[in-house]
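Colleague: I am new to this structure and would be grateful for a guided discussion. May we go through it step by step?

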Amino acid sequence: MALLMKNHPKNALILLGHGSHISPNTAGVVWDAVDRLRERGIADEITAAFWKEQPSFHSVLNGITATDITLVPLFTAQGYFTQTVIPTEMNLSGEMTIHNGRTIRYAPPPVFHPKLTEIVRARITDAIHQHDLSSQNVAIAIIGHSTRKNAKSRESTENQATLLRDAGIFGD
């Protein structure tokens, strides 16, 4: 059994976030997710990396011993950071990169996952109930971050607005 464990390729999961030089709490949601995933034991190594905090995108792989690595960007858009910054900083060649005997898989951000719409709708509904409002008398504004560097940066925000509008649950 010891021989099997020794030869078993280790796997790693790295959650990628933006982070902030101004507010150290910005990375908290990513580190909370890392902690929950560690509790579940879904990978041998689980950590995070950030654009504006440590460990950085550029250096995080240096501390990973696993040979099978999955990167998951926790960004609200599939755009400039997920398509340009992260691949450049982490020297990725696509969805799968083989480098120094390691397989590095790069997953898409979960921005179009149906669960995200459920979460957004639940937060709005909770606020409506908390303030005893009628959903038909409430206007919802979905505010997102985008950049001229990549037109796709705005798609996930526009998608959420369309899904909420089409549901017909809220006034406007």
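Colleague: In which sense do β1 and β3 pair?

Modeller: I should say first that this is a predicted model. Leu15 stands opposite Val72 in β3. The pairing of β1 with β3 extends over 6 bridges, and its sense is parallel.

Colleague: Which elements does the protein contain, and in what order do they run from the N terminus?

Modeller: There are 5 helices and 5 strands in the protein. Its C-alpha trace spans about 65 × 40 × 30 Å along the principal axes. Read from the N terminus, the order of the elements is α-β-α-β-β-α-β-β-α-α.

Colleague: What is the order of the strands in the sheet?

Modeller: Beyond the pairing of β1 with β3, β1 also pairs with β2 in the parallel sense over 6 bridges; there, Ala12 stands opposite Glu45. On the other side of the matter, β3 and β5 (residues 102-106) run parallel and are joined by 4 bridges, with Ile104 as the bridge partner of Ile69. Strand β4 (residues 96-99) pairs with β5 in the antiparallel sense. The result is an open sheet of 5 strands with mixed pairing, in the order β2-β1-β3-β5-β4.

Colleague: Which strands stand at the edges of that sheet?

Modeller: The order of the sheet is β2-β1-β3-β5-β4. An edge strand here has a single partner strand, so one side of it is left without a neighbour in the sheet. The strands in that position are β2 (45-50) and β4.

Colleague: Which residue in the turn between β4 and β5 has a positive phi?

Modeller: β4 and β5 pair over 4 bridges, and Arg105 in β5 is the bridge partner of Met96. The two strands form a hairpin with 2 residues between them. In the turn, a positive phi of about 50 degrees belongs to Asn100.

Colleague: Which strands does α3 lie across?

Modeller: For orientation, α2 lies across β1 and β2 and runs at about 170 degrees to β2. Helix α3 runs at about 160 degrees to β5. The strands that α3 lies across are β1, β3 and β5.

Colleague: Is Tyr106 buried or exposed?

Modeller: Tyr106 lies in strand β5. Its contacts beyond four places in sequence include Leu16, Leu71, Phe81, Ile86 and Leu92. The relative accessible area of Tyr106 is 12%, and the cut-off for burial is under 20%. Tyr106 is therefore buried.

Colleague: Which residue has its backbone oxygen 2.6 Å from a polar atom of the Tyr106 side chain?

Modeller: The residues that Tyr106 touches include Pro73, Thr82 and Pro87. Among these, the backbone oxygen at 2.6 Å from a polar atom of the Tyr106 side chain is that of Thr82.

Colleague: Why does Ser20 count as buried?

Modeller: Ser20 lies in the loop between β1 (11-17) and α2 (28-40). Leaving aside neighbours within four places in sequence, Ser20 is in contact with Thr26, Lys52 and Glu53. The side chain of Ser20 also reaches the backbone nitrogen of Ile22 at 2.9 Å. Ser20 counts as buried because its relative accessibility, against a cut-off of under 20%, is 17%.

Colleague: Where does Leu74 lie, and is Leu74 buried, exposed or partly exposed?

Modeller: The place of Leu74 is in the loop between β3 (68-73) and α3 (80-89). Not counting residues up to four places away in sequence, Leu74 touches Leu15, Leu16, Val30 and Pro110. With a relative accessibility of 33%, Leu74 counts as partly exposed.

Colleague: At what angle do α4 and α5 pack?

Modeller: Two packed helices are described by the angle between their axes and the distance between the axes. Here α4 (residues 114-130) and α5 (residues 155-167) have their axes 11 Å apart, and α4 passes α5 in a right-handed crossing. The contact is made by Leu116, Thr117, Val120, Arg121 and Ile124 of α4 with Gln160, Leu163, Leu164 and Ala167 of α5. The packing angle is about 65 degrees.

Colleague: How many nonpolar residues does the contact of α4 with α5 have?

Modeller: The residues of this contact include Thr117, Arg121 and Gln160. By class, 2 are polar and 1 is charged. The number of nonpolar residues is 6.

Technical notes:
Residues are numbered from 1 along each chain as its sequence is written. This is a predicted model: local features need pLDDT of at least 70, side-chain atom pairs count only at pLDDT 80 or more; totals for chains, interfaces and linings use all residues. Side-chain values use heavy atoms; hydrogens and water are left out. Axes are lines fitted to C-alpha atoms, for helices over the stretch in contact, and angles run from 0 to 180 degrees between N-to-C directions. A crossing is left-handed if the near helix is turned anticlockwise from the far one by less than a right angle, and right-handed if clockwise. Contact means heavy atoms within 4.5 Å. Ala, Val, Leu, Ile, Met, Phe, Trp, Tyr, Cys and Pro count as nonpolar, Asp, Glu, Lys and Arg as charged, and the others, Gly among them, as polar. Buried means under 20% relative accessible area, exposed over 50%, partly exposed in between (1.4 Å probe, protein chains only). A polar contact is a pair of N or O atoms within 3.5 Å; within protein, one must be able to donate a hydrogen and the other to accept it, and residues adjacent in sequence count only if both atoms are side-chain atoms. Two strands pair if DSSP finds at least two bridges between them.
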